[in-house]
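Biologist: I am new to this structure and would love a close look at a single part of it. Could you pick one spot, start there, and then walk me outward through its surroundings?

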Amino acid sequence: MARTYYAEGRQIAYFFRGIFILGGLAIYFNIPGLHWGFFVGILFGSVLVAEILGSIWIRSRRQEKKSKKPQPKKGSATKSAHSATRRASKVCRADEIILTSRLDDLSGAEFERLLALYFRDQGYNVKEVGVGGNDGGVDLVIVDKRGEKTAVQAKCYADHNLVPVMTVRELVGAKRNHDCILSLLVTTSDLTPPAKKEAEQFKVDYWHGALVEQKLRAWGKWQPSKKPRPIEKDVTVAKSEMARGRKEAASTSSATCKCGAPMVRRKSKQGTEFLGCSKFPNCRHTTAIG
């Protein structure tokens, strides 16, 4: 049996070509006095008509397949759109909300924050290196009681979005920048086969989605609700950022930014302290200390 519509069309063309040739030859030999040109016309006509019928068959079958293509369910499409929007968000909500949110309702920054809370309760000293920003391959640096440092990279992906091999290579290279001996890749989905092979080769431990959920549930503090949480509006986020900025400004010097807002003491990824505007991210003005 033909496996493609094109193969079906070719079989249909061969069938009609044979029928037309046999029928034409029967007419040619049963009616005396016909010109030899009729025989040649039978051959060319049969081939031409058969090819046309075969092409019509292929086109009709393909159109039939397109018309029968299943449409995604409305609820499923809404759920996928909600998860994609949440993961793309740069908002990091309060810890109380993160601990009651499902993994597919978390943004990348919130998933990193959830892991930080988990590792702290497991007895690790946790340094949030690149939570919610340009991490350079490492999101958390966790230190156990023996002083052994592990570089952690977190990927909050949908189930179908597998972690590529480049992420593993970035983690292997970036762990040296943080003076880490071990490395751990934590993802809500899974790794591609090449990424798994690379992880085994460079001794990168990794947790896939099912294992992550199992560990978080065993922890006890993560209790996700069944209903997805709505995404906050930008206005609410801006107000919370400004409130945090004012709180930080109260405990620092009275330096003021060009925009008139107080400056607060911050740290760069390299550990260098500087003064930044309390209205960040609306104002990104900084001043070096000393």
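Modeller: Happy to! Let us start with Arg113, which touches Cys92, Asp95, Ile98, Arg120 and Glu128 once residues up to four places away in sequence are set aside. Please keep in mind as we go that this is a predicted model. Arg113 has its place in helix H5. Is Arg113 buried or exposed? Its relative accessibility is 19%, and buried means under 20%, so Arg113 counts as buried.

Now widen the view to the helix that carries this arginine. H5 has 14 residues and spans 20 Å from its first C-alpha to its last, close to the 20 Å expected at 1.5 Å a residue. The helix is mostly covered, with 11 of its 14 residues buried. Among the buried ones are Ala109, Glu110, Phe111 and Glu112, as well as Leu114, Leu115 and Phe119. After H5 comes Gly123, with a positive phi near 95 degrees.

What does H5 pack on? To see that, we need the sheet. Its 5 strands follow the order S1-S2-S3-S4-S5, forming an open sheet with mixed pairing. Strand S1 (125-128) and strand S5 (205-207) are at the edges with a single partner strand each, so one side of each has no neighbour in the sheet. From one strand to the next, the twist averages 20 degrees. Helix H5, covering residues 108-121, packs on this sheet and touches S1, S2, strand S3 (149-155), strand S4 (182-187) and S5. The direction of H5 makes about 160 degrees with that of S1.

Let us look at one pairing in the sheet. S1 and S2 run antiparallel and are joined by 4 bridges. Lys127 stands opposite Val141 in S2.

Staying with S2, we can pick out another residue, Ile142, found in this strand of residues 140-143. Ile142 has a relative accessible area of 2%, so it is buried. Which residues does Ile142 contact, leaving aside its neighbours within four places in sequence? They are Phe119, Tyr124, Asn125, Val126, Glu148, Lys149, Thr150 and Val152. Of these partners of Ile142, Phe119 is one of the buried residues of H5. Ser183 lies 41 residues from Ile142 along the chain, and their C-alpha atoms are separated by 9.8 Å.

A further helix also meets the sheet. Helix H6, made of residues 165-177, lies across S3 and S4 and runs at about 145 degrees to S4. Its buried residues are Val165, Thr167, Val168, Leu171, Val172, Ala174 and Lys175. These buried residues pack against S3, S4 and H7.

Following the chain onward from H6, we come to Asp179, whose phi is positive and near 55 degrees. Most residues other than glycine have a negative phi. Asp179 is not a glycine, yet its phi is positive. Asp179 sits in the loop between H6 and S4. Its relative accessible area is 58%, so Asp179 is exposed. Lys203 offers another example: its phi is near 55 degrees, again a positive value in a residue other than glycine. The loop holding Lys203 runs between helix H7 (193-201) and S5. With a relative accessible area of 71%, Lys203 is exposed.

While we are in this region, here is a word on cysteines. Cys156 counts as buried because its relative accessibility is 9%. Cys180 also counts as buried, with 9% relative accessibility. How many disulfides does the structure hold? The number is 0.

Finally, let us step back to the whole chain. The protein chain contains 9 helices and 8 strands. Of its 290 residues, 32% count as buried. Among contacts in the chain with a separation of 6 or more, 47% are between residues 24 or more positions apart. The accessible surface of the chain comes to about 18600 Å², and carbon and sulfur atoms account for 57% of that area. To return to where we began, Arg113 is part of helix H5, and H5 packs on the sheet.

Terms used: Residues numbered from 1 in each chain as written. Predicted model: local features only at pLDDT ≥ 70, side-chain atom pairs only at ≥ 80, totals over all residues. Heavy atoms only, no water. Helix = DSSP H or I, 4+ residues; strand = E, 2+ residues; numbered from the N terminus. Buried < 20%, exposed > 50% of the residue type's maximum accessible area, 1.4 Å probe, protein only. Contact = heavy atoms within 4.5 Å. Pairing = 2+ DSSP bridges. Axes fitted to C-alpha atoms, helices over the stretch in contact; angles between N-to-C directions. Expected span 1.5 Å × (residues − 1). Areas by Shrake-Rupley, 256 points an atom, 1.4 Å probe, with all protein chains shown as cover. Disulfide = S-S within 2.5 Å.
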